[in-house]
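Please open the structure in your viewer and keep the selection tool at hand. The tour below moves from one selection to the next and says what is to be found at each.

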Amino acid sequence: MQQVMEMMRGLQDEMAESRMEQERIQADLADSRARNEELHHVNEELHRGLNNKQGQREQYETERLIPPREISTPFSQEILDAVIPNTFAGPKVIFTGMEDPEAHLTAIHTQIVLVGGSDNARCKLFMSTLMGMAMDWFISLPNGHITSFRQLSQLFREQYLANKAPLPVSYYLFDVK
C-alpha cells in the first residue's frame, strides 16, 4: 500500500508540474498573441505609410508631368523680341504693390540708364522687378497691349496711384527742429 501511496504522490506531483507547465504555456501563448496583435498594428501602419508614400509619389509624378502655368504677357511682339544687355545683373529693386510707384520708376530708370538698353529692353527689365500683387496685375493686362515703356509707366502709375507718397506741405516745416 505504501507503494501505491508513493505512486499516487508521484502522480500528483507530475499533475502539479503538468498544470504549472500548462499555465506557463498559456501565459506564453497570451504573450505571443499580444505581440502578434502589436506586430499586426505596426504592419498596418507601415502599409498605410507605404500607400500614402505611393500616393504622394504618384501625385508628384503627375504634377511633374503638368507643364508650368502659361503666363500671358501684355507686351507686343517687338518688346518680346528685344535683347536685354549682357551687362544687366538683374533688378536691384522689387515692387510688390505696396511701394511708391514713382520711387520705383525712378530706381528702374536709374538702373537701366547705367546699363544702357532700348525702350523695349526697359519694358522687359521692368517686368522682372514685379512681385506678388504687382505681378498679378501685370499678367492680367491684355496680350500685346503694351508697346512702349512710356505706356507701361503710365499704366503702372495709374494702377498704384494710391501708393504715391504725399507731397510735403509747408506746415511740415514747423515740425523741423
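A salt bridge, as the term is used here, is a side-chain nitrogen of Lys or Arg within 4 Å of a carboxyl oxygen of Asp or Glu. This is a predicted model, in which local features need pLDDT of at least 70 and side-chain atom pairs count only at pLDDT 80 or more, while totals for chains, interfaces and linings use all residues. Residues are numbered from 1 along each chain as its sequence is written, and side-chain values use heavy atoms, with hydrogens and water left out.

**The whole chain**

Begin with a cartoon of the entire protein, whose secondary structure comes to six helices and zero strands; helices (H or I, at least four residues) and strands (E, at least two) are DSSP runs, numbered from the N terminus. Read from the N terminus on, the elements run α-α-α-α-α-α. Switch to a surface next: the protein exposes about 13,800 Å², of which carbon and sulfur atoms supply 57%, with accessible areas taken from the Shrake-Rupley method with a 1.4 Å probe and, for residues, only the protein chains shown counting as cover. Of the 177 residues, 19% count as buried, where buried means under 20% relative accessible area, exposed over 50%, and partly exposed in between (1.4 Å probe, protein chains only). Among the contacts (heavy atoms within 4.5 Å) with a separation of 6 or more, 74% are between residues 24 or more positions apart.

**Salt bridges along helix H1**

The structure holds five salt bridges, and three of them can be visited here by selecting pairs of side chains.

Select Glu44 and Arg48, whose side chains meet in a salt bridge of 3.9 Å, N to O. Both lie in helix H1, four residues apart, about one turn of the helix. Glu44 is partly exposed because its relative accessible area is 31%, whereas Arg48, with 52%, is exposed.

Elsewhere, salt bridges that share partners join Glu21, Arg24 and Asp28 into one network. Within that network, show Glu21 and Arg24, which form a salt bridge with the closest N and O atoms 2.1 Å apart. These two residues also lie in helix H1, three residues apart, about one turn of the helix. Glu21 has 35% relative accessibility, so it counts as partly exposed, and Arg24, at 43%, counts as partly exposed too.

Then select Arg35 and Glu38, where a salt bridge of 3.1 Å, N to O, links the side chains. This pair lies in helix H1 as well, three residues apart, about one turn of the helix. Arg35 is partly exposed at 44% relative accessibility, and Glu38 is partly exposed with a relative accessible area of 44%.

**The loop at Ser76 and the start of H4**

Select Ser76 next, in the loop between helix H1 (2-65) and helix H2 (77-80). Is this residue buried or exposed? Its relative accessibility is 13%, so Ser76 counts as buried. Leaving aside neighbours within four places in sequence, Ser76 is in contact with Gly144, Ile146 and Thr147.

Thr147 leads on to Asn120, which touches Glu78, Ile79, Ala82 and Thr147, not counting residues up to four places away in sequence. Asn120 is placed in helix H4 and, at 14% relative accessibility, counts as buried. Its side chain is joined to that of Glu78 by a polar contact of 3.4 Å; such a contact is a pair of N or O atoms within 3.5 Å, and within protein one must be able to donate a hydrogen and the other to accept it, with residues adjacent in sequence counting only if both atoms are side-chain atoms.

**Helix H3, end to end**

Finally, select residues 101-115, the 15 residues of helix H3. At the N-terminal end, Asp100 acts as the cap, with a side-chain oxygen 3.1 Å from the backbone nitrogen of Glu102. The expected span, 1.5 Å times one less than the number of residues, is 21 Å for H3, and its end C-alpha atoms are 21 Å apart, which agrees.

Which residues of H3 are buried? They are Pro101, His104, Leu105, Ile108, Gln111 and Ile112. These residues cover an arc of only 130 degrees around the axis, so they lie on the same side of H3; the arc is that of the directions from the helix axis to the C-beta atoms. Their cover includes helix H4 (119-127) and helix H6 (149-159). The tour ends at Gly116, which follows H3 and has a positive phi, near 85 degrees.
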